[in-house]
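Thanks for sending this one over for a second pair of eyes. Could you keep it open in your viewer while you read?

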Amino acid sequence: MVKDGSNKDIFRWLLNTDYAVQDFLPGKVIEPLDSFFYFDVDRSPDSDIQDLLIGSKGTAIVRQPLVMEQPDAAGKSQEKGLHSSYVPESGQKVSSDGKNNFNNSNGDPTLIDQTYFDDVLRDKLIQLVPGLQYHADFEPVVIRYCLNVFWTVFHPQYPFIHRPTFKSAEAHPLLLLSIIMVGLGFVNKNPDHRIDSISVTDSYSLGNIIAHPLRWLICSSHEFTTPPELWIIQSLILLEIYEINFSNRKLHERAYLHHGLKTQLLRRSPLLGGDPLKNKQDDDESNTTNAQKWLKRESMKRAAFMCFHLDTTHGAIFGHEMILNSHQIKFSLPCNENLWNQTLSGSEKIRPAMNFLDVLKLLLKQQDPPSTLVETFDFSSNHLNENLKLSGLISVLFQLEEKDMELKLLEWESMRASWRDTLTLALDWWKDHLLSQKLSTFSGLSGNYCTGKSLLCDFPVYFILQTFMKMKQYDFIIFTGAPTRMNVRVGVSDYTIVEKRIRSWSKSSVGSFSVVFLYLFLIDLLLVSDAEKQDLEFTYDPNTDPILYRPNLVALSLMILWSYNFIQEGPESTVMANLKEGMDDLPMNDKDIPYQECGRDYLKRIRNELMVDENQLKLSSDLNTIKLYSKIITGMTHKNRMVGLLKFFKKGFLNCTSTICREYGRLLENCISRSLGRRRILCNNMNQ
């Protein structure tokens, strides 16, 4: 508790702690919070937390007071970098010889500043999170490696932090912690994760030790105010990505509860604030010669776009409520990646990108930009901008669905318009444009864990959007046996209503049209032929898939396909039909699970039956070809022989470090049991 004896309850109520923001002002000496700064082994029996409680030597973490640094004695504002709030201490410099940096044959020599980490930085971060000092992996050599993983595996997918100006020795400590934490989440996803003598023993527990107090530390910073500092938005984005994808159920839910925070902060900034009826935000600084000023605005713009992307992606994959809509994004797309990846001198003439809403309008109309605009704006394509266009379409989809729902409830049916065809054509237009750009794929990040030949496999959310034109993620989670959804228990009536919706969808042409995309996704991801057109062995491990959110979408695709085929043809066999409840669990040994077709043969058969006139099956097929595929799918038999395919995937998901992925694995197990004739619907052990 606070040494001066002050008692402030408002923050205890807001954030479930004993401290207010004022208690973390510089110079205050406080005792660490039980739930955030140290861990007492006797306090929690939860197995997920136990990994955090005991240090590497099996010793409980000792309570130590935390002394926050005083500001500049003169009270003057110090010059700070793009990613920092202070000047590095005297004598603390970035090594130029690389001696203290991650350095190996596969390392990137341009990452010296970005991966610098020494004992001084280690001690500074331990002051913020004392539990770190007891973890065996929190050593400079391992942390330098995690920083390298962040910049080489995560950053190419989502380049919203300016790499050329980032220096870990000068970055705000909480932003550095956030980057280390995400790097830990991607450690297993790096194809070279065991290089030389570097071995990360438990990245999961170390990441969670950082994640547990990080949100509190960010919110309690004296810089946590409006308009927000860049490092605060960047840290909150990275924290949400980690909590959603790599942590336990508790942190996953916490991310959803707080996901509006970063957006509300941005709404009190020039980017998302101001006149709500204004069509565009002024980009007066796009051609400024002040490189630092331009970089700060571009960095904040990219951070705002990341908030929008996370909002729409989490809405599509997890069914989370979206709070940021496409019409509220009134600024231009991110700049050219070549410009973003270089160190600016200030003399560059920056060609602005087109306004996001204008690009979205062209996409919905399936139109190329007119030549007059091409001469004015930079239309070069990159992964981030393509993801943002897709997010725009997702946002429009969910907004129009909500509008239709309101009109239906108000019995105002005459005002409902057919917009799904327009979105289907826009998605096809986006796909054709993406493939015409000849962007490089992220296959180099993934080693040999899977094939993913098509660039579209780097944008997996594309494949499920056709399904979500009519259905919700909620429907498939409930139908596959989830006992709860958003902490609400599923009753018999809930399941009955969902089953009715899925039955109607699966019997319609829309259902067969939707599942074609999912089959194409799995076939391209997992089946590859050599020069002699002989199919090679395939494998898939969600732990090592480097594409963010793809494991979630693989699992969701499997559940949608299973739901469609189960309604169409019923179970694969009845070997578990007569087992009594309590004795109807799957055999512990996978070899004892009976199946009529292994996963590889199943996908090969589907692929071969979908081939038309001996043409190669392609993800780039136009909508008319997809419709032809959907007719073939409707008449195809034995689509319900999915036990072998589900068995192939479920082991990887059950062994995943992410709690959410392990829950997917148990749902896949539940689908296997029901395909074998088991009568029980619910997956009672899903949340174990």
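Here are my notes, as numbered points.

1. Please keep in mind that this is a predicted model. The protein chain has 688 residues, and 56% of them count as buried. Its secondary structure comes to 23 helices and 4 strands.

2. On the contact map, take the contacts in the protein chain with a separation of 6 or more: residues 24 or more positions apart account for 77% of them. The accessible surface adds up to about 29900 Å², and carbon and sulfur atoms hold 50% of that area.

3. You may want to know how the cysteines look. Searching the whole structure for disulfides gives 0. Two cysteines show contrasting surroundings. Cys-146 has 0% relative accessibility, so this residue counts as buried, the limit being under 20%. Cys-598 has a relative accessible area of 26% and is therefore partly exposed, since that value lies between the 20% and 50% limits.

4. Now to the open space. Which residues lie nearest the centre of the largest pocket? They are Glu-401, Met-405, Lys-470, Met-471 and Lys-472, out of a lining of 33 residues. Helices α10 (291-318), α14 (383-409), α16 (473-479) and α17 (492-506) are the elements that give two or more residues to this lining. The pocket itself holds about 1100 Å³ of space.

5. Still on the largest pocket, α14 provides the largest share of the lining, with 8 residues. Sorted by class, the lining has 13 nonpolar, 8 polar and 12 charged residues. If you plan to look at the chemistry of this lining, those class counts are a handy place to begin.

6. Ile-477 belongs to helix α16, one of the elements that contribute to the pocket lining. Is Ile-477 buried or exposed? Its relative accessible area is 7%, under the 20% limit, so Ile-477 is buried. Setting aside neighbours within four places in sequence, Ile-477 is in contact with Ala-482, Arg-485, Met-559 and Leu-667. For Leu-667, the partner lies 190 residues away along the chain, and the two C-alpha atoms are separated by 8.4 Å.

7. Turning to enclosed space, how many cavities of 30 Å³ or more are there? The count comes to 5. The largest cavity contains about 220 Å³ of space. Its lining has 25 residues, and the closest to the centre are Gly-185, Lys-189, Asn-245, Phe-246 and Ser-658.

8. Several helices share the lining of the largest cavity: α5 (173-185), α6 (203-219), α7, α19 (550-569) and α23 (659-675) each supply at least two residues. The most comes from α7, which gives 4 residues. By class, this lining divides into 15 nonpolar, 8 polar and 2 charged residues.

9. One last residue to click on is Gln-234, which sits in helix α7 (residues 230-246). With a relative accessible area of 0%, which is under the 20% limit, Gln-234 is buried. Not counting residues up to four places away in sequence, Gln-234 touches His-83, Phe-160, Ile-161 and Leu-175. Helix α7 is also the element that gives the most to the lining of the largest cavity, so you can look at both features in one view.

How values were computed:
Residues numbered from 1 in each chain as written. Predicted model: local features only at pLDDT ≥ 70, side-chain atom pairs only at ≥ 80, totals over all residues. Heavy atoms only, no water. Disulfide = S-S within 2.5 Å. Buried < 20%, exposed > 50% of the residue type's maximum accessible area, 1.4 Å probe, protein only. Contact = heavy atoms within 4.5 Å. Areas by Shrake-Rupley, 256 points an atom, 1.4 Å probe, with all protein chains shown as cover. 1 Å grid on protein atoms, 1.4 Å probe; cavity = no way out; pocket = protein on both sides within 12 Å on 5 of 7 lines; lining within 4 Å. Points joined across faces, edges and corners; volume = space filled by probe spheres on them. Nonpolar A, V, L, I, M, F, W, Y, C, P; charged D, E, K, R; others polar.
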